[in-house]
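User: Please take me through how the helix packing and the nonpolar cores in this model are described, setting each value against its definition.

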Amino acid sequence: MPIETRLLGRTGVRVSNLCLGAMMFGWRTEPAESYAIVDRAIDAGINFIDTANVYGRGRSEEVTGEALARNGKRDRIVLATKFYGSMDDSDPNAQGASRRHIVDACEASLRRLGTDWIDLYQIHRPSPDTAIDETLRALDDLVRQGKVRYLGTSTFAAWQFVESLWASEKHGLNRFVCEQQPYNLLDRRVERELMPMARTYGVATIPWSPLGGGLLTGKYRRGEEPPAGTRFANANAMQRRRYNDRIFDVIEGLEPLARDRGVTLSQYALAWVMAQPGVTSPIVGPRTMEQLEDNLPAAEVGITEEDARAIDALIPPGQMVAPFYEADFGPHGFRV
């Protein structure tokens, strides 16, 4: 089964069931290879690209825009970006979810992307110190101005998303249509509340880190130092929490399941996320063309009932062995 399209929630827009994440473009991945990755993804049937203003402090947006200008396929792409993180360490207002920042951030993203509109504009993290109606009113203005077409969230709790729907209904504002949530075979906690909420309210879901930040690629082995140049070779505090013995209990149980299907561990893990009820389009963020080529065949791997039972025995529904988000209801929302 090749790349297919799925509805983006209730919008009527169809997006590919794999989303190309552009986080590495322009700073971890050189522009020339970034352009080639975009071209290859589009040729394979992907029409959904996601970036954010903070990736490379704007460099990812610039290179993504350049790639689409070079191939002339901007009009056929559902282009998504995000705001929230700091873009200027010397300015306390160059971040967050206030009207002031949202308007400025959107204009800057449009310039960097070299486009007149953003298909999907997302708040990168919840902002408990900003009233949700303040955020929604600013975003609603951008939609009415034609600068943004749809609105989304990232790493919202189920109750925060429902609160936003209530505010949109009360004030007659455009609502959020999708949520990006961390979801992979090492952290299934979103199955408890977020995924049922999304299915109930017709919300698209765009899982990030479906490969566990690379932990589900097979490159890491129990008792061995992470390979040089990999994400966990110079791990920060959160990454060190993820890199524990319990993840290898799951990984070592998954490897024979993937071998039996004749696929790589990463393809098997990605296919599982794609197959979960309510999932629209997991985000893959390749740093190299080789990684993209490994990701693409996941669309052809069907997860059977036998697979599902074996996976649930390794990591039961709603459970986790490594945290990919932590609730923090202070001014910075969720830690990841």
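Analyst: What follows is a short exchange on two helix pairs and on the cores. This is a predicted model, in which local features need pLDDT of at least 70 and side-chain atom pairs count only at pLDDT 80 or more, while totals for chains, interfaces and linings use all residues. Residues are numbered from 1 along each chain as its sequence is written, and side-chain values use heavy atoms, with hydrogens and water left out.

User: Why are H8 and H11 called roughly antiparallel?

Analyst: Helix H8 (residues 245-261) and helix H11 (residues 305-314) pack at about 165 degrees, their axes 9 Å apart. Angles over 145 degrees count as roughly antiparallel, and H8 and H11 are therefore roughly antiparallel to each other. Their contact (heavy atoms within 4.5 Å) involves residues including Leu-254 of H8 and Ile-311 of H11.

User: Why are H2 and H3 called oblique?

Analyst: Helix H2 (residues 59-71) and helix H3 (residues 99-113) pack at about 45 degrees, with axes 7 Å apart. Angles under 35 degrees count as roughly parallel, over 145 as roughly antiparallel and 65 to 115 as roughly perpendicular, the rest being oblique; H2 and H3 are therefore oblique to each other.

User: What makes a set of residues a nonpolar core, and which members of the largest one touch the most others?

Analyst: A core joins buried (under 20% relative accessible area, 1.4 Å probe, protein chains only) Ala, Val, Leu, Ile, Met, Phe, Trp, Tyr and Cys residues through side-chain atoms within 4.5 Å. In the largest, of 87 residues, Leu-20, Phe-83, Tyr-121, Leu-186 and Leu-254 touch the most other members. Leaving aside neighbours within four places in sequence, Leu-254 contacts Leu-185, Leu-216, Leu-265, Tyr-268, Ile-311 and Leu-314.

Conventions:
Axes fitted to C-alpha atoms, helices over the stretch in contact; angles between N-to-C directions. Helix = DSSP H or I, 4+ residues; strand = E, 2+ residues; numbered from the N terminus. Buried < 20%, exposed > 50% of the residue type's maximum accessible area, 1.4 Å probe, protein only.
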